[in-house]
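Reader: Could you take a close look at one spot in this model for me, and then carry on from there to other parts of the two chains? I'd love a connected account rather than a list.

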Amino acid sequence: MEAKYDFERKYREQVLKCSRCGFCQAHCPVFGATLRPAYNARGKMLILKEVMDGKIDLNDELIETLFQCTTCANCYTNCPSGVNVPEIIKQVRKDMVNIGSCHPAFTGMNEVLKQHTNIYAEDEPEDFEREKNKQAEYVFFIGCVGAYREDESTLATLALMDRLKIDYTLIDEVCCSGVLEDVGHRINEDLARKNIDLILATGAKAVITGCPYCTRTFDNRAPYAALKEKGLKIYHISQVLKDFDIDVKTDKIVTYHDPCDLGRHCGIFEEPRETIQKIAPNFKELPHNRMDANCCGAGGGVRGAYAKNSIAMARRRLQEAEEIGAEVVLTECNSCVHNLSNAKLRKQNFEIYNTAQFINQLLDEVK
Amino acid sequence: MDKSTRQSLIDIVGEKNYTDRLIDLVSYSYDASEHSHRPGCGIWAHSPEQISEIMKLASSKNIPVVPRGGATGLTGMAVPQGGGIVLDLSRMNKILNISIQDRLAIVQPGVVYADLEKALDRFGFFFPPDPASGKVSTLGGNVATNAGGVKGAKYGTTRDYVLGLQVVLPDGRIMRTGSRTMKSVSGYDLTKLFVGSEGTLGIVTEITLKVNPKTTAASTALATFDDLEDAGHAVSQIMYSGIVPSVLEILGREAIVAINQNTDLNLPEVDAILLAETDGYTTEETEYQLAKVIDVFNRNRAKTVKQATSEDEAAELWKARKSAYGVLARIKPSFVLEDVTVPMSKIADLLKGIKAISKKHNIMIATYGHAGDGNLHPQILFDKYDPDQARRQEAASEELFRLTIDLGGTLTGEHGIGLQKAPYMTLEHDPAAMSVMRSIKKMFDPKNILNPGKMSLEN
């Protein structure tokens, strides 16, 4: 039988390898927050199996589960059969878009980026009071969430880089648009071209990103291949910070939330911990950490499309911070900071920051 | 679901706890077996009273009801073979009471095994059955299947810990069985009747479990054997030694080769590997026991014996056994994981027989499992989209069951009968036993609405 969809052509064997053991239920954040098996990775694979078997067809009814996946990959790394669910989901979302079935939030996202320079469709770029597009050793690429929603964190990160005398420049950045790949669409080539041109014009030897998703996009997505071809290195800010000895300490109980995009997707687990442990002797791991870290619920477009469940996932993550008595929850992703902060309950007394912001704050306090 | 039934169900549980949406019906069609069937609807139940109303309605309208927990079962027992209602109990997930002074925990059926484990750990206690699916399987499901795990030889299975139940019967009556005491001979043991009944007699809505203090020390050793018979003899002789290891696991050659081909563990490609663990409260105690086990290994011509000297080393020794399921799950598109169980003295005969069956039907069977209680997991690997392979798998399974029964064994040690083994029930149970089982089913569930089609109870 001729395969009808690309997901089947690419991933038929993978889908069939799902042995339906259901072990992903222990790891899938959407299942954890809802206890609804249809949302679990197994539920999604079963639907695709039935599509391949010709029992059902892709249609609008399936949007609710196929577009409700944070692509956190916690199922994949724990799957006894090694089924790469996030990649399969990303492909089937493209198939869905091809037949005209897409969550309106994601159709909207794609449309917004045809007309605007950022996913929030903000007209005025935030002013971070720094000269842009100058010649420098590094380009600091903020990312949409850092620029438009977590600007305080970004300002603090920039202040810290100033303190550390890192020779960087900002650029008139536009959305890297990597997230479109996750929600059934494709990276916007015009935006990619614009970013590449601006970065190359600075003569920088490397791009430092404030957002781990931008790191992934620049690092391994075809439209951005020019960056590496021109010899530029791509770093996340956490990889840069670990090389500095910052003379400041906190007594607080500090923990670290691994962002999926930085941890499971880029394999960067230890660098942030190195930095944090230097400043926080009372560092405590969350019960689920590194490869097993639970998703904050923001990824894969879920925060925009399924806000209630996204917040429920963040609450489950914060529950762990509460259990270990953390006073400060650090992470390395503005999306995580944003979602975790939104989900924080009043009774939860801990603070939530990106590592750079927290360090900068400590330095401000000793000044 | 017809319109009026649908409305009646919604009246009982509320709109948001009823679903007949395609995405839910697809996921409720399956468990971890190769079986599937679409239900009419799914319901998220929250209380015994709701379930009682649902059962009354289902009884009056002859609608099948299939209880479901984590749906990690390997025999199709959560598959709604007759359609009807899938009753998802996973949201009844409260630990109602942990009373260490009474040595018990009272839980709702949707509590995940690992969550109870975590809650008990604070008190230094545990609920021993430890099924491999414990991170996701629910205690209601553990009761329904009488779940077991690697520690079965020493600590038994779920049945040995269930003290009492609350059950909703098919006609809607709510019944309590057993007690909160450590022992009771008051009347028939209705509690144990429900353990392993696969959701065919009633819906378990509350479980009272005996819990054990956790041991604090363990010693681990791994032995390799060039000859299967030697490994088999070692297993039965350990039982003579006066020691009951907390773990005694076996890996057969095919499983070892598959693990080597798919990992970098570099195991010696021998006929069998035995992994033993002894537990207790002091190292002296566990080492003393392990020394006896190792002595048996050596006397049975073990090729190598390695004893772990640290927790890390013990974890290394466990790697091969722990990787078996995952490795074997990746080799072919489909597999059937059996759990035949024989008297411990027959382990070697069973392993030899499995090898012959594999050869005869030209199908890969890799075996590992709980040698300590005679419970092996032959994993038959095939491609179910190839009709010839599917046929050979069925033939191999049937022959495996016949062999097991001939060796004085049982079809299933811990997974249950479900749909998968229903056709073979009469191989193991004589006509009188089958007739009694069917009478019991009829008495509890005269209309056959609870999980119909399972365990060969209809005739």
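Author: Happily! Let's start with A223(B), which lies in strand β12 of chain B, a strand covering residues 217-225. Keep in mind as we go that this is a predicted model. Around A223(B), 25 other C-beta atoms lie within 10 Å. The cut-off for calling a residue buried is 20 or more such atoms, so A223(B) counts as buried. Which residues does A223(B) touch, once its neighbours within four places in sequence are left aside? They are L274(B), F297(B), A302(B), T304(B) and V305(B). Q307(B) is worth a look here too: 84 residues separate it from A223(B) in sequence, while in space their C-alpha atoms are 8.7 Å apart.

Staying in chain B, let's move on to a four-stranded sheet. It is open, with the strand order β1-β2-β4-β3 and mixed pairing. Strands β1 and β3 (65-68) are at the edges, and each has a single partner strand, so one side of each has no neighbour in the sheet. The mixture shows up clearly around β2(B), residues 41-44. With β1(B), residues 18-19, β2(B) pairs in the antiparallel sense over two bridges; there, Y18(B) has I43(B) as its bridge partner. With β4(B), residues 85-88, β2(B) runs parallel, and four bridges join the two strands. On that side C41(B) stands opposite I85(B), and G42(B) is partnered by V86(B).

What about the two faces of β2(B)? In a regular strand, side chains alternate between the two faces of the sheet. In β2(B), C41(B) and I43(B) are on one side, G42(B) and W44(B) are on the other, and all of them are buried, which leaves both faces of the strand covered.

Chain B also meets chain A, in a contact that takes 24 residues from chain B and 25 residues from chain A. On the side of chain B, helices α2 (22-27) and α11 (311-331) each supply at least two residues. The largest share there, five residues, comes from α2(B). Sorted by class, that side of chain B has 12 nonpolar, six polar and six charged residues.

Crossing over to chain A, we find another open sheet, this one with three strands in the order β5-β6-β7 and parallel pairing. Its edge strands are β5 (254-256) and β7 (351-354), and each of them pairs on one side only. On average, neighbouring strands of this sheet are turned by 25 degrees against each other, with direction ignored. Strand β6(A), residues 328-331, runs parallel to β7(A), and four bridges join them. One of the residue pairs involved is L330(A) with its bridge partner in β7(A), Y353(A). Helix α19(A) packs on this sheet, where it touches β6 and β7; its direction makes about 105 degrees with that of β7(A).

That same helix α19(A), residues 355-366, brings us to a helix pair. Its axis and that of α15(A), residues 270-279, come within 11 Å and cross at roughly 20 degrees. The two helices are therefore roughly parallel, and α15(A) passes α19(A) in a left-handed crossing. From α15(A), the contact is made by P272(A), T275(A), I276(A) and I279(A); from α19(A), by T355(A), I359(A) and L362(A). Five of these residues are nonpolar, two are polar and none is charged.

Let's finish with a second helix pair in chain A. Helix α1(A), residues 6-17, and helix α3(A), residues 41-52, pack at an angle of about 120 degrees, and their axes are 10 Å apart. That angle is why α1(A) and α3(A) are described as oblique to each other. Their crossing is left-handed. F7(A), E8(A), R12(A), V15(A) and L16(A) of α1(A) meet M45(A), L48(A), K49(A) and M52(A) of α3(A). By class, this contact of α1(A) with α3(A) has six nonpolar residues, no polar ones and three charged ones.

Definitions and conventions:
Residues are numbered from 1 along each chain as its sequence is written. Chains are lettered from A and ligands numbered from 1 in the order in which they are written. This is a predicted model: local features need pLDDT of at least 70, side-chain atom pairs count only at pLDDT 80 or more; totals for chains, interfaces and linings use all residues. Axes are lines fitted to C-alpha atoms, for helices over the stretch in contact, and angles run from 0 to 180 degrees between N-to-C directions. Angles under 35 degrees count as roughly parallel, over 145 as roughly antiparallel, 65 to 115 as roughly perpendicular and the rest as oblique. A crossing is left-handed if the near helix is turned anticlockwise from the far one by less than a right angle, and right-handed if clockwise. Two residues are in contact if their C-beta atoms, placed from the backbone, lie within 7 Å. Ala, Val, Leu, Ile, Met, Phe, Trp, Tyr, Cys and Pro count as nonpolar, Asp, Glu, Lys and Arg as charged, and the others, Gly among them, as polar. A residue is buried if 20 or more other C-beta atoms lie within 10 Å of its own, exposed if 12 or fewer, and partly exposed in between; C-beta atoms are placed from the backbone. Two strands pair if DSSP finds at least two bridges between them.
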